[in-house]
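Reader: I would like to learn how to read the packing, the charged pairs and the aromatic rings of a model, one feature at a time. Could you take me through them in order?

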Amino acid sequence: MANPLRAELPFLGREYPKGADYFRDRLRAAFAKNKDVNDPEKIKELISRGGFVVKELEALHYLRKYRALKKRYYETE
């Protein structure tokens, strides 16, 4: 079974605040650390944690976008 997070996470990490290289290294380390996990329950737990990370990265992206729009169209106080 292919993991869709494996393709989605590097794409979302391109605009990570600490940089894409930092994110890619951390992501690679996380996958390498868990490469020997065989327990189906543990695998489901790890995939759900990856889903949480995806949601957090999306929230960071939308927050950055919102701040840029707010800065562009509203006066600073």
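Author: What follows is a walk through these features, bearing in mind throughout that this is a predicted model.

Reader: Let us begin with the interior: which residues make up the largest nonpolar core?

Author: As a general idea, in soluble globular proteins nonpolar side chains tend to be buried together. In this model the largest nonpolar core consists of five residues, namely Leu9, Phe23, Leu27, Val54 and Leu57. At least two residues of this core come from helix 2 (20-33), and helix 3 (40-73) likewise supplies at least two.

Reader: Phe23 belongs to that core; is it buried or exposed, and what is it in contact with, leaving aside its neighbours within four places in sequence?

Author: Phe23 counts as buried because its relative accessibility is 10%, where the cut-off for buried is under 20%. Once the neighbours within four places in sequence are set aside, Phe23 is in contact with Leu9, Gly13, Tyr16 and Leu57, and of these Leu9 and Leu57 are also members of the core.

Reader: Turning to helix 3, what end-to-end span should its 34 residues have, and which of its residues are buried?

Author: The idea is to compare an expected span with the one in the model: at 1.5 Å a residue, the 34 residues of helix 3 should span 50 Å, and the C-alpha atoms at its ends are 50 Å apart, so the two agree. The buried residues of this helix are Gly50, Val54 and Leu57.

Reader: How many salt bridges does a search of the whole structure find, and how should I read them?

Author: In general, side chains of opposite charge can pair when their charged atoms come close. The search of the whole structure returns three salt bridges. One of them joins the side chains of Glu15 and Arg64, with an N to O distance of 3.8 Å. This pair links distant parts of the chain, since Glu15 sits in the loop between helix 1 (5-12) and helix 2 whereas Arg64 sits in helix 3, 49 residues apart. Glu15 counts as partly exposed because its relative accessibility is 46%, while Arg64, at 52%, counts as exposed.

Reader: Where do Arg24 and Asp21 lie, and how many residues separate Lys42 and Glu45?

Author: Arg24 and Asp21 both lie in helix 2, three residues apart, which is about one turn of the helix, and the closest N and O atoms of their salt bridge are 2.6 Å apart. Lys42 and Glu45 form a salt bridge as well, with their closest N and O atoms 3.8 Å apart; because they are three residues apart in helix 3, about one helical turn separates them. Lys42 is partly exposed, with a relative accessible area of 31%, and Glu45 also counts as partly exposed, at 47% relative accessibility.

Reader: Finally, how many aromatic pairs are there, and what should I look at in each?

Author: A pair of aromatic rings is described by the distance of the centres and the angle of the planes. The count here comes to two aromatic pairs. The rings of Tyr16 and Tyr22 have centres 6.0 Å apart and planes at 15 degrees, so this pair is stacked, the cut-off for stacked being under 30 degrees. Tyr16 and Phe23, by contrast, form a tilted pair, at 5.2 Å centre to centre with 40 degrees between the planes. Through these ring pairs Tyr16, Tyr22 and Phe23 are linked into a cluster.

Conventions:
Residues numbered from 1 in each chain as written. Predicted model: local features only at pLDDT ≥ 70, side-chain atom pairs only at ≥ 80, totals over all residues. Heavy atoms only, no water. Core = buried A, V, L, I, M, F, W, Y, C linked by side-chain atoms within 4.5 Å. Buried < 20%, exposed > 50% of the residue type's maximum accessible area, 1.4 Å probe, protein only. Helix = DSSP H or I, 4+ residues; strand = E, 2+ residues; numbered from the N terminus. Contact = heavy atoms within 4.5 Å. Expected span 1.5 Å × (residues − 1). Salt bridge = Lys/Arg side-chain N within 4 Å of Asp/Glu carboxyl O. Phe/Tyr/Trp six-rings, centres within 6.5 Å; stacked < 30°, edge-to-face > 60°.
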